[in-house]
Amino acid sequence: MAKVISTLFISADGVAEIDPDWHFPYFDENMGRAVTEDYDAADVLLIGRQTYDSFAGAWPDRETAGDVDAPLAKRLGDMRKVVVSRQPLEFSWRNSELMKGDLVDAVTSLKADAGSKGILIPGSISVVQQLLAAGLVDELRLLVHPVAARRGRRLFDDGDTAYHLSVTATEVFPTGVIRVIYSPTEAPTEAPAKAGSDEVGD
């Protein structure tokens with residue numbers, strides 16, 4: 001079964017709506033390597049309409065230009081791209097298709113595809129939020145910037161149910177960015193009382 005992996009740039013106060021003013025000063029070769037590793041883990045991109053428009057408006061030109069990021073641009077162009085949108089789209093980027101039907105049902109089918117190694121969601125906050133609520137995200141790969149953005153859309157919206165996560169990997173970059181990979185997990189059991197603590201009833 002294919003993993004569903006969310007990869008996001010995020011501020012220390014949880015804002016995942018990127019502002020270039022606080023994001024790009026921290027982008028270095030370490031972050032570039034981390035992003036490449038995320039794309040290596042998947043062969044399907046699952047993206048929302050806004051993310052698609054942004055990517056399709058930039059990556060094909062970068063591939064054609066042949067600059068330093070042309071190999072990544074070609075990789076993205078060659079990948080299957082499934083776009084979540086309520087409106088019909090005319091695709092200008094190769095290997096792009098519109099998701100058919102309900103998001104949860106469609107992603108459940110994608111996960112069950114034995115021929116796929118992974119489904120990567122870059123950005124696309126609303127898509128990630130819906131799939132987290134449905135229990136379909138297998139990994140959250142966050143690049144946490146050492147900045148409090150203070151405004152912008154946050155990854156974790158208001159809700160009645162807590163999301164419990166286990167840390168599977170961490171890395172600290174010289175810029176202060178922390179790469180952390182989470183996997184959903186069950187809520188922890190109540191912690192045992194510390195030795196020597198006062199207990200009522202004895």
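Me: Which residues lie nearest the centre of the largest pocket?
Reply: In this predicted model, the largest pocket holds about 1600 Å³ of space. Its lining counts 46 residues. Those nearest the centre are Thr51, Phe55, Pro122, Gly123 and Ser124.

Me: Which class of residue has what share of that pocket's lining?
Reply: Helices and strands both feed the lining: E1, H1, H2, H3, H4, H5, E3 and H7 each supply at least two residues. Sorted by class, the lining of the largest pocket splits into 23 nonpolar, 15 polar and eight charged residues.

Me: Ser124 is one of those central residues. Is Ser124 buried or exposed?
Reply: Ser124 sits in the loop between strand E5 (118-122) and helix H7 (125-133). Leaving out residues up to four places away in sequence, Ser124 touches Leu46, Ile47, Gly48 and Thr51. Its relative accessibility is 9%, and buried means under 20%, so Ser124 counts as buried.

Me: What about E5, just before that loop: how many of its residues are buried?
Reply: In a regular strand, side chains alternate between the two faces of the sheet. In E5, one side carries Gly118, Leu120 and Pro122, the other Ile119 and Ile121, and both faces are covered. The number of buried residues is five of five.

Me: Which residue of E5 is the bridge partner of Leu45?
Reply: E5 pairs in the parallel sense with strand E1 (residues 3-11) over five bridges, and there Thr7 is matched with Pro122. Strand E2 (residues 44-48) also pairs with E5 in the parallel sense, over two bridges. On that E2 side, the partner of Leu45 is Leu120.

Me: Let's move on to charges. How many residues apart are Asp38 and Arg179, which meet in a salt bridge?
Reply: The side chains of Asp38 and Arg179 come together at 3.0 Å, N to O. Asp38 belongs to helix H2 (residues 29-40) and Arg179 to strand E8 (residues 178-184), so the pair links distant parts of the chain. Both ends are buried, Asp38 with a relative accessible area of 1% and Arg179 with 8%. Along the chain, their separation is 141 residues.

Me: Which residues are linked with Asp38 and Arg179 in a network of salt bridges?
Reply: The structure holds 16 salt bridges, and the Asp38 and Arg179 pair is one piece of a network. Besides those two, its members are Lys3, Arg33, Glu37, Glu139, Arg141 and Glu171.

Me: Where does the salt bridge between Asp53 and Arg49 lie?
Reply: The closest N and O atoms of Asp53 and Arg49 are 3.1 Å apart. Asp53 is partly exposed at 40% relative accessibility, and Arg49 is partly exposed too, at 33%. The two are four residues apart, about one turn, and both lie in helix H3 (residues 49-56).

Me: How many residues apart in sequence are the parts tied together by Arg94 and Asp78?
Reply: Arg94 and Asp78 form a salt bridge whose closest N and O atoms are 2.8 Å apart. Arg94 lies in the loop between strand E3 (80-84) and strand E4 (96-98), while Asp78 lies in helix H5 (residues 70-78). Arg94 counts as partly exposed at 34% relative accessibility, as does Asp78 at 39%. The parts tied together are apart in sequence by 16 residues.

Key: Residues are numbered from 1 along each chain as its sequence is written. This is a predicted model: local features need pLDDT of at least 70, side-chain atom pairs count only at pLDDT 80 or more; totals for chains, interfaces and linings use all residues. Side-chain values use heavy atoms; hydrogens and water are left out. A salt bridge is a side-chain nitrogen of Lys or Arg within 4 Å of a carboxyl oxygen of Asp or Glu. Buried means under 20% relative accessible area, exposed over 50%, partly exposed in between (1.4 Å probe, protein chains only). Contact means heavy atoms within 4.5 Å. Two strands pair if DSSP finds at least two bridges between them. On a 1 Å grid over the protein atoms alone, a cavity is a set of points where a 1.4 Å probe fits but cannot get out, and a pocket is an open set with protein on both sides within 12 Å along at least five of seven lines; lining residues have an atom within 4 Å of a point. Grid points are joined across faces, edges and corners, and a volume is the space filled by probe spheres set on the points. Ala, Val, Leu, Ile, Met, Phe, Trp, Tyr, Cys and Pro count as nonpolar, Asp, Glu, Lys and Arg as charged, and the others, Gly among them, as polar.
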